[in-house]
Amino acid sequence: MKASCPQAEPEPAAARPAQFTHPVQAAALDHVVLRVADLERSTAFYRDVLGCPVEKWQPELGLMQLRAGSSLIDLVTLDGPIGREGGAGPAREGRNLDHFCLRLARFDEAALRAHLASHGVPAGATADRYGAEGTGASIYIRDPDGNTVELKAPAAGRAG
């Protein structure tokens, strides 16, 4: 039996009250942890293709942390202490997650596609999609482990 979730129209960020009454008040996504088969390959992808600089390497945990704006993308080796806890690694029939989204500071589609192509990264069709800041153009790509990464423009009408 599939659980259902009540559907509601999203409330624009500007219309939300400054103070929430809920005890959990998420301000931002702090980090995402991806279990990876080849740490060097995945580090190169996030560093060189997506421009996320290496912030910290914790070899005792098999944990590489890369900066993505105000958030981190953590890469853990499948055979490290953290990676082993997750069972089998990501594969065609079993992924780490559906996708995560990086909101880009600017979205020059031609330059973005040329950059991705120069790294041999196929890019999906550009479409307008709703995200945390509203609707904006985005492209889906896959990392070396098959995780889907959404590259999203600033919301229409918002400065990057």
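This is a short tutorial dialogue on reading a predicted model.

Student: Before I trust anything, how confident is the predictor in the protein, on average?

Tutor: The mean pLDDT is 82, and 78% of the residues score at least 70. Among the helices and strands, α1 (residues 39–49) comes out highest at 97, while α2 (residues 81–84) is lowest with a mean of 81. Go easy on residues 1–5, though: their pLDDT is below 50, and beyond near neighbours in sequence that stretch has 0 contacts in the model.

Student: Okay, on to sheets. How do I read strand pairing, and which strands does β4 pair with?

Tutor: The general idea is that strands of a sheet pair through backbone hydrogen bonds, either parallel or antiparallel. Here, β1 (residues 31–36) runs parallel to β4, with 6 bridges joining them. In that pair, arginine 35 sits opposite valine 76. On β3 (residues 63–68) you again get 6 bridges to β4, but that pair is antiparallel. There, leucine 66 faces isoleucine 73. The β3 and β4 hairpin has 2 residues between the strands, and glycine 69 takes a positive phi near 65 degrees.

Student: Which residues of β4 lie on each side of the strand?

Tutor: In a regular strand the side chains alternate between the two faces of the sheet. For β4, one side carries Ser71, Ile73, Leu75 and Thr77, the other Leu72, Asp74 and Val76, and all of them are buried. That's 7 of the 7 residues in β4 (residues 71–77), so the strand is largely enclosed by the rest of the structure.

Student: There's an open sheet of 4 strands too. What is its strand order?

Tutor: Its order is β5-β8-β7-β6, with mixed pairing. At the edges are β5 (99–103) and β6 (127–131), each pairing on one side only. From one strand to the next, the twist averages 45 degrees. Take one pair: β5 and β8 (residues 148–152) run parallel and share 5 bridges. Arginine 103 stands opposite lysine 152 of β8 there. Helix α3 (residues 109–118) packs on this sheet, touching β7 (134–142) and β8, and its direction makes about 15 degrees with that of β7.

Student: And the hydrophobic interior? How many residues are in the largest nonpolar core?

Tutor: In soluble globular proteins, nonpolar side chains tend to be buried together. The largest core in this model has 27 residues, and those with the most contacts inside it are Tyr46, Leu50, Ile73, Leu75, Ile141 and Leu151. Elements giving two or more residues to it are β1, α1, β3, β4, β5, α3, β7 and β8. Helix α1 gives the largest share, 4 residues. If you want one residue to click on, try leucine 151: beyond four places in sequence, its contacts include Leu50, Leu102, Phe107, Leu116 and Ile141.

Student: How many disulfides are there?

Tutor: A disulfide is a covalent bond between the sulfur atoms of two cysteines. The count here is 0. Cysteine 52 is buried, with a relative accessible area of 4%. Cysteine 101 has 32% relative accessibility, so it counts as partly exposed.

Student: Last one: is glutamine 58 buried or exposed?

Tutor: Buried: its relative accessible area is 16%, and the cut-off is under 20%. Glutamine 58 lies in strand β2 (residues 54–58). Not counting residues up to four places away in sequence, glutamine 58 touches Leu63 and Gln65.

How values were computed:
Residues numbered from 1 in each chain as written. Predicted model: local features only at pLDDT ≥ 70, side-chain atom pairs only at ≥ 80, totals over all residues. Heavy atoms only, no water. Pairing = 2+ DSSP bridges. Axes fitted to C-alpha atoms, helices over the stretch in contact; angles between N-to-C directions. Contact = heavy atoms within 4.5 Å. pLDDT = per-residue confidence, 0-100. Buried < 20%, exposed > 50% of the residue type's maximum accessible area, 1.4 Å probe, protein only. Core = buried A, V, L, I, M, F, W, Y, C linked by side-chain atoms within 4.5 Å. Disulfide = S-S within 2.5 Å.
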